[in-house]
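I opened this notebook to keep track of what I looked up, one topic at a time. The structure comes before the entries, so that each entry can be followed on it.

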Amino acid sequence: MKHLQVAVGIIRDRNKNIFLTQRSAKSHMANMWEFPGGKIEAGETPEQALKRELCEEAGIEVLQLNAYGQAEHADSELKVTLHFFIVDSWKGTPYGREGQPERWVAQKALVAEQFPPANAGVITRLKAEALE
């Protein structure tokens, strides 16, 4: 079974809105919403991978990121380890640089069922923090 290491950016503005992109109709977990990010390449740290991926996918330069935990998920096709980071300082305006649909969602309004299953725990945590 293939095992992927993935860096994930939770891009959050001052008002606790979170930037999301939609997965391609041709990809694994097609059409689900996701926090942008991507595979960690050989020789990269998760932080380096995330900075590269957010530049490529969302058109931003990350200025500050903070580790927000990990999650593992496996299905019949692959195993994935997600390395989550809160990104609350960046240069540029996030957008779907690869043409993917995008949206901003209030942190407290995230819906876990709209994301791949591996995100459920982090979404529960984000929603609980939004209510504090």
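Entry one, the hairpin. I am working with a predicted model, and I began where β5 passes into β6, which are joined by a hairpin through three residues. When I looked up how these two strands pair, I found the antiparallel sense over 11 bridges, with β5 covering residues 61-74. As a single example I noted histidine 73, which stands opposite valine 80 in β6.

Entry two, the other partner of β6. I then turned to strand β1, residues 2-11, and found that 10 bridges join β1 to β6, the two running parallel. Here I wrote down histidine 3, which has lysine 79 of β6 opposite. I reminded myself that strands of a sheet pair through backbone hydrogen bonds, and that the pairing can be either parallel or antiparallel.

Entry three, burial of β6. How many of the 14 residues of strand β6 are buried? I found 10, counting residues under 20% relative accessible area as buried, and so I describe β6 (residues 78-91) as largely enclosed by the rest of the structure.

Entry four, the helix. Helix α1 runs over residues 46-58, and its 13 residues reach 17 Å from the first C-alpha to the last, which is close to the 18 Å expected at 1.5 Å a residue. I listed its buried residues as Ala49, Leu50, Glu53, Leu54, Glu57 and Ala58. Seen down the axis of α1, these buried residues fall within an arc of 125 degrees, so they line one face of the helix. I also looked up what they pack against, and found β1, β2, β4, β5 and β6. Just after α1, I noted that glycine 59 takes a positive phi of about 70 degrees.

Entry five, the second set of strands. I found an open sheet of three strands, in the order β3-β2-β7 and with antiparallel pairing. Its edge strands are β3 (33-34) and β7 (102-106), each of which pairs on one side only. Between β2 and β7 I found five bridges, and the bridge partner of isoleucine 18 in β7 is valine 105.

Entry six, the largest pocket. I looked up its volume, which is about 780 Å³. The lining has 33 residues, and those closest to the centre are Val6, Arg23, His28, Glu34 and Gly37. Which strand gives the most to this lining? I found that β1 does, with four residues, while β1, β2, β4, α1 and β6 each supply at least two.

Technical notes: Residues numbered from 1 in each chain as written. Predicted model: local features only at pLDDT ≥ 70, side-chain atom pairs only at ≥ 80, totals over all residues. Heavy atoms only, no water. Buried < 20%, exposed > 50% of the residue type's maximum accessible area, 1.4 Å probe, protein only. Pairing = 2+ DSSP bridges. Expected span 1.5 Å × (residues − 1). Arc of directions from axis to C-beta. Contact = heavy atoms within 4.5 Å. 1 Å grid on protein atoms, 1.4 Å probe; cavity = no way out; pocket = protein on both sides within 12 Å on 5 of 7 lines; lining within 4 Å. Points joined across faces, edges and corners; volume = space filled by probe spheres on them.
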